[in-house]
Structure formats: structure tokens, C-alpha cells
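Good morning. I have one structure to go through today, in two parts: a ligand site and then a small sheet. Please look at the screen.

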Amino acid sequence: MRIALASSEVVGFAKTGGLADVVGSLPPALEKLGHQAAVFLPLYNSVRQKVALQATPHRLRVLVGDEWVEGGIQQAKIPGSQVPVYLIENPALFERDNAAFGRGIYQFASSDGWKKDYPDNSARYLFFCRAVLQALPLLNFWPEVLHCNDWQTGLIPVLLKKQFASADNQELAEKYRRIRTLMTIHNIAYQGNFWKEDMNMCRLDWRLFNPSGVEFNDCLSFLKAGMVFADRLNTVSPTYAKEIQTPYFGCGLQGVLLERSADLSGIVNGIDYQSWNPATDPELPAHFDALLIDPGKAACKEALQKEFHLPVDPRAPLAGMVARLVEQKGLELIAEAGGRLLATGMQFVVLGEGDSRYHLALENLRREFPSQVALQFGFNEGLAHRIEAGADLFLMPSLYEPSGLNQLYSMRYGALPLVRGTGGLADTVTDTKEKTLANGTATGFRFQAYSPEALVETLQRALSLYRNHPATWRQVQINAMKQDWSWERSAREYQDLYLQMANSLH
Ligand code: ADP
Ligand code: GLC
């Protein structure tokens, strides 16, 4: 099959979260299964700075409102594969990001210190969606399935069905009509809802502006447009697929999903076993695997304690956290339970950036427990690897978690995940209990109630195992490290879904 993936992030090119890892790993895994995959991504400044680009002769002229906006297509490859990444070029729209000035790919730091969305995000991603569809004939690449990811690509299905598939050129229109679209929801809380007048900029028929079309709370919703017009929907774990059909998790869009539940499925993300391999990871000071955890992991822990200026103590339990510091990741619980968590004597290392109120809460905790808490605000991929390798425990008390990759990285690196049982966390981490210890399935620690008490109790339970039963702890580490969460498994599930979609043509 030919599969095109459209995404606003790809690891190695531009990344703010797990979406980038998924779109960086799934296409090469599909290629290994014998399919032809191609990726579309905006050409951001960060991409221009770090990726070797190859020019193509193709020029784009894209309608945004009544205006023709020019663009180009550059090309690169996903490292370690033949998968092409087609980069949609328009410097004014996409090359404004610059970390040194607090400008990201979606947001900028305003003078009051808060992160704000760029005011023209709807125009930026409308341009991208149209450009992807216009690029197909230029590249002569006609996919059976066009796989869209998150709100930034949500307009593709509606533009395809309502505009491109009814183009004047019959032959071209027929080619567009044969494409099936999949909309993957990585996080339903991010919806891309804009001022309704943007309907004109998108040149969408106002008759579509109603609750069973692209309207959501009197706004034009890019994500809802994708959810209504894509042929199939999926999300990144079976549990999250169920959760988002309920009012609490659905963020207002549960009705659309309930209506389309027959077209909705959940596939847990895999992880890249090459770049996340504790036996070979070039970011680590020492190496290890499930057959021989120490001395490698112990050396990583010692190096991490030194890197963060914490007391070097092999027996002090060390908990790590690497996350966007936002409510989703359970930061409210950490802030509320902080004192009680640290009263256990554990060391706590956090890497992340996000809402300033959580930066403040964590700084207060560091002030109160200076010999136990170490923080690094910012984005640092190498350090993320070293934390997974050096930590004994990895905290992920998420409020909700569509799939989550960090718990998978931590299992692979023998840092036992301590998670709340929601979304992908519920589907991937098995709580340590008498029964799961006996049958060898225990891989971490899980709690359910979103409360500081439940978090503290679970941490105490984990630390009691760590301190009093080191042989059992080691066994759980081995169980966790032996799990198979490689992309091959997830890619096969995507392959089956794509096949069903392609076959629905005939
Ligand atoms: P989400 O996509 O919701 O942020 P995931 O667990 O799916 O959550 O993926 C997060 C990804 O981003 C992981 O690869 C994680 O290591 C990475 N990450 C998050 N914050 C940072 C950071 N500050 N520095 C380095 N990597 C980070
Ligand atoms: C989202 C979710 C995360 C998921 C990632 C990739 O950012 O928050 O749970 O792993 O997308 O699918």
C-alpha cells in the first residue's frame, strides 16, 4: 500500500511531544512491512537549521481566502529509512520559531511571560492542509490512505471530500476520490477551534457550519472537521478510545465519537527500539540490558546524581519525571502531595517545561528539600534518556494520557513506572501485586483515584518493595525490560486498519 502521513511534528525535525515520535517511527515500520510511506510536515525554522534539505522543482500556489499564497516543497528522509519527508515551505508562515527568543512552532512567549498561540494558526495550518493535497499530483504520489494526525491536519478530510474530489478536471477528481482518510486523535483536548469567519478563509460552504458539520460551540473546529469527515477515526490506546466517548474525557466532542463509534479504534503507540535501547544508547555513560542490569544501571544512576548535584547514594530511591509540565501530566497531584512524597526520603529529578505555576510549585519543593529535588526546565533529549537510565522509578500520575511513551521508555530502561490507570497507561503498565508477581506480569505500580493520597500510598508501596525486597524489585525490573512495545506490533495493527480502509473502496 501507499500511505501518506500528514503531521505538524516529526522527531529529528520538530518535536514538542509524543506525536513527533509516533510520526517518526510508524512510517519506517510500515516500510519494513513492505509498504510505501511518505510524510508531510511544515518546513519550520528548526527543520531548516538541523536537517539537510533537498530542493524539488515543485511550486505551490495555495488559496487562503481570496489570496494565492506561494509555497515550495523541499525533501528529506527519515533517518535509517527510505521514507521521504516532504516539507511544505512558506517562510512567513512556518519559519518564525526560535527557542532563544521563546518562539515555538505553535506558541510564543508574550511579554507577560505566558505562552500564547500565534494569532494566525488557522491560516498556517489551513495552508498546510491544502498544500498537502495539492502536492499529491505534483509528486505523482497517490496514496490509498492519507493518515491525518491531530487538529493541525483536521481540515484535510473535509477539503478532500468537498473540494478536491469535485475538481473540474475529472481525471484528477477521480484520483482524489479514491483516497481514504484516517484521522488519529493523539489528544482530544487540543481541538484547533477558531473564529467562525475563518470558514471564508477556508472557502468552506457555510452549510457545513452546523453541529453535525464543522461547527463546535460557534467556532470552526479543525479537529471536529477531521472527526466528521475522515473515513475512519482512531486514537492511541483502546482505553482512551473508550474514555473519549464520555463527557469527562471527550472535551465536548464525545457526541461525535459516540455517533461514529463503529469507525473508531485504538492502537497503542510503540517506541523506537533503536534510539531507546539501554544496551547501545549513545547518550548514556554506561550500558545494560535485561540480562545484566548492573553494574550498568547503577553507573547511570551515580552519573545522574552527579549531573544533578544530588548526594551520590546507590540505595537512595531515585524517581524521575520527564514531561510537558501541564495539568494533563498530573502536576496538580505532584504539587499537592510534594511534601509527603519527599518525606519518604526519595530523590526526585524533573525535566520539563510548561505552565509557570508548575515551575513555581516545583521550585518551592526544591527550596524545601534541596538535597532531594533537582530540576531542569527546558527541552533536552539526551537528558531525557539519562533520566530513564538512572532512575529507579518513573512518575506519570497523569490526569489523562491518550497513550504515553515515557512509561514505555522507562520499562525498557528498568525505571519502574508509577502511573495512574488512565488511557494508554492502563493498557501498558501492570500493577505489582501478589498475583502479578506470581505470574510474572508485574511491570510497575498503578493507582486509580486522582488524589494526592492515592499517589502517596502507591509511592510508599513501591518504596517498601524497593527497600525491603530488592530481589523482587529486580524481578519486576526484568519483567518490565522484557516487554515488547516495539513499533512492529503497532505498525501491524495500523496495516490491518489501512487494509480495511483500502478494501472498502471496492
Ligand atoms: P505527550 O506527547 O503528551 O507529551 P508522551 O509520553 O507521548 O507525552 O511523549 C512525550 C515525549 O516527549 C517523550 O519522548 C518524552 O521523552 C519527550 N519529552 C517531553 N518533555 C521533554 C523535555 N523537556 N525534554 C526532552 N524530552 C521531552
Ligand atoms: C499526545 C498524548 C500522548 C501520546 C502522544 C502520541 O501528545 O498526550 O499520550 O503518547 O500524543 O500519540
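Start with histidine 186: one of its polar side-chain atoms is 2.6 Å from an oxygen atom of ligand 2. Keep in mind that this is a predicted model. Asparagine 269 also puts a polar side-chain atom 2.9 Å from an oxygen atom of ligand 2, and for glutamate 401 the distance from such an atom to a ligand oxygen is 2.5 Å. On its own, ligand 2 has 310 Å² of accessible area, and the protein covers 93% of that.

How many residues surround ligand 2? There are 13, and the closest are the three I have named, His186, Asn269 and Glu401, together with Gln328 and Gly404. By type, the shell holds seven polar residues, four nonpolar and two charged. Helix 1, residues 18–32, supplies the largest share of this shell, with three residues.

Where does ligand 2 lie with respect to domain 1 and domain 2? It lies between them, because both domain 1 (2–270 + 488–503) and domain 2 (296–484) give residues to its shell.

Now the sheet. It is open and has three strands, in the order 10-12-11, with antiparallel pairing. Strand 10 (193–194) and strand 11 (215–216) are at the edges; each has a single partner strand, so one side of each has no neighbour in the sheet. In general, the strands of a sheet pair through backbone hydrogen bonds. Here, strand 11 and strand 12 (residues 219–221) are joined by two bridges. Phenylalanine 216 sits opposite cysteine 219, which is in strand 12.

Methods: Residues are numbered from 1 along each chain as its sequence is written. Chains are lettered from A and ligands numbered from 1 in the order in which they are written. This is a predicted model: local features need pLDDT of at least 70, side-chain atom pairs count only at pLDDT 80 or more; totals for chains, interfaces and linings use all residues. Side-chain values use heavy atoms; hydrogens and water are left out. A residue is near a molecule or strand if one of its heavy atoms lies within 4 Å of it. A polar contact is a pair of N or O atoms within 3.5 Å; within protein, one must be able to donate a hydrogen and the other to accept it, and residues adjacent in sequence count only if both atoms are side-chain atoms. Accessible areas come from the Shrake-Rupley method with a 1.4 Å probe; for residues, only the protein chains shown count as cover. Helices (H or I, at least four residues) and strands (E, at least two) are DSSP runs, numbered from the N terminus. Ala, Val, Leu, Ile, Met, Phe, Trp, Tyr, Cys and Pro count as nonpolar, Asp, Glu, Lys and Arg as charged, and the others, Gly among them, as polar. Domain bounds come from an automatic or database domain assignment. Two strands pair if DSSP finds at least two bridges between them.
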